[in-house]
Amino acid sequence: MELLDPFSNTAVEPVNTPTVTGFYDALHDAEQQAATLRTQNPAMSLPGHVYQIGRLYLTVGDGANAVRVLSESHADQAESGEQPPPIIPHSILTDSIRVSLGQAFQLVGQYAEARETLKTVLASTARDSRHYAVALLTLGLIERDHDAFDVASAHFSEAASRFEFEKMPYYAINTLLAHADALLRQKKWLDSEQLLQKADVLLTAGKIRWYRPQWWALRARAALHQTDYRNTLMLGGKGLGAMDDQADLCALPALYRAIAAALEIGRRRQASEAL
């Protein structure tokens with residue numbers, strides 16, 4: 001599944017439809033498997049298995065546990081490497097752990113650590129590799145959150161091109177949505193709308209529901225920024241309606257914030273009209 005391991009040469013498309021329940025089930029199974037292996041051989045180093053657990057924590061938005069587990073995986077990999085047979089080739093696993101750890105640091109706001117880890121990836125991997133593209137995407141998120149929008153846009157554009165070329169729709173959509181968000185923060189409504197339309201094409205073509213609530217949340221925010229509170233409520237409601245077991249729950253706060261802000265705008269307008 002692409003969301004779990006975007007770096008495998010064979011897993012460029014999801015094996016099955018991602019679900020929140022499925023990810024938590026996979027997380028439970030992976031932790032049980034690692035515990036069993038450690039019981040059988042306490043001296044065994046398991047950076048590959050631990051990496052998969054960290055990816056799952058990252059996917060469900062648990063940044064603190066992702067940092068903890070991926071840091072363990074990184075330390076184990078640097079010290080000894082996984083004993084054969086590895087579940088991921090050693091060189092690929094090393095870069096995969098670094099990229100994922102950088103993503104986890106970004107998720108919890110440890111930006112200095114994220115930058116250091118991701119720049120190591122950029123320096124050690126080929127520019128046309130998937131690791132390089134994911135590192136660029138994550139660095140773009142960091143620069144966006146620090147209002148360095150020109151740098152962020154350059155990172156997002158290069159990463160999106162690579163994901164589209166590699167036929168990695170989930171990461172391509174994620175990058176387009178992040179770029180659209182950066183443009184919204186700059187009040188570049190038309191440019192943001194163009195990227196949202198492009199993301200919509202990929203979402204519809206791939207029947208991908210995971211990112212649809214986030215797409216609606218960005219549309220709602222655009223309407224809110226333009227003080228169109230009625231449209232904000234409609235778009236936010238559609239986002240909530242798209243929220244199910246096959247959708248990323250991390251979009252919920254953005255949807256609720258947009259709806260709450262729109263309701264407040266409506267209340268103030270009604271109060272003003274009543275005077």
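Contact here means heavy atoms within 4.5 Å. This is a predicted model, where local features need pLDDT of at least 70, side-chain atom pairs count only at pLDDT 80 or more, and totals for chains, interfaces and linings use all residues. Residues are numbered from 1 along each chain as its sequence is written, and side-chain values use heavy atoms, with hydrogens and water left out.

**Exercise 1: the whole chain**

Work out how many helices and strands the protein chain has, and what share of its residues is buried.

Solution. Start with the element rule: helices (H or I, at least four residues) and strands (E, at least two) are DSSP runs, numbered from the N terminus. By that rule the protein chain has 12 helices and zero strands. Next comes burial: buried means under 20% relative accessible area, exposed over 50%, and partly exposed in between (1.4 Å probe, protein chains only). Of the 275 residues, 49% count as buried. Finally, take the contacts between residues at least 6 apart in sequence: 62% of them join residues at least 24 apart.

**Exercise 2: α2 and its partner**

Find out how many residues of α2 are buried, and how its axis crosses that of α3.

Solution. First, the span: α2 covers residues 47–59, and its 13 residues reach 18 Å from first C-alpha to last, close to the 18 Å expected at 1.5 Å a residue. (The expected span is 1.5 Å times one less than the number of residues.) Second, burial: 12 of the 13 residues are buried, among them H49, R55 and Y57. Just after the helix sits G61, with a positive phi near 85 degrees.

Third, the crossing. Axes are lines fitted to C-alpha atoms, for helices over the stretch in contact, and angles run from 0 to 180 degrees between N-to-C directions. The axes of α2 and α3 (residues 63–79) come within 8 Å and cross at roughly 160 degrees. The two helices are therefore roughly antiparallel, given that angles under 35 degrees count as roughly parallel, over 145 as roughly antiparallel, 65 to 115 as roughly perpendicular and the rest as oblique. The contact involves residues including V50, Y51 and R55 of α2 and R68, V69 and E72 of α3. Its residues split into nine nonpolar, four polar and four charged. For the classes, Ala, Val, Leu, Ile, Met, Phe, Trp, Tyr, Cys and Pro are nonpolar, Asp, Glu, Lys and Arg charged, and the others, Gly among them, polar.

**Exercise 3: α10 against α12**

Work out which residues of α10 and α12 meet, and at what angle the axes cross.

Solution. Begin with α12 (residues 252–274): its 23 residues reach 33 Å from first C-alpha to last, close to the expected 33 Å. Its buried residues include L255, A258 and A262, and their cover includes α10 (212–225) and α11 (229–241). Now the geometry: the axes of α10 and α12 come within 9 Å and cross at roughly 25 degrees, and the helices are therefore roughly parallel. At the contact, P213, W216, A217, A220 and L224 of α10 meet A254, L255, A258, A261, A262 and I265 of α12. That makes 11 nonpolar residues, no polar and no charged.

**Exercise 4: R209 in its loop**

Is R209 buried or partly exposed, and what does it touch?

Solution. Locate R209 first: the loop between α9 (189–205) and α10. At 39% relative accessibility, R209 counts as partly exposed. Then leave aside neighbours within four places in sequence, and R209 is in contact with D244, Q246 and A247. To finish, the C-alpha atoms of R209 and D248, 39 residues apart along the chain, are separated by 8.3 Å.
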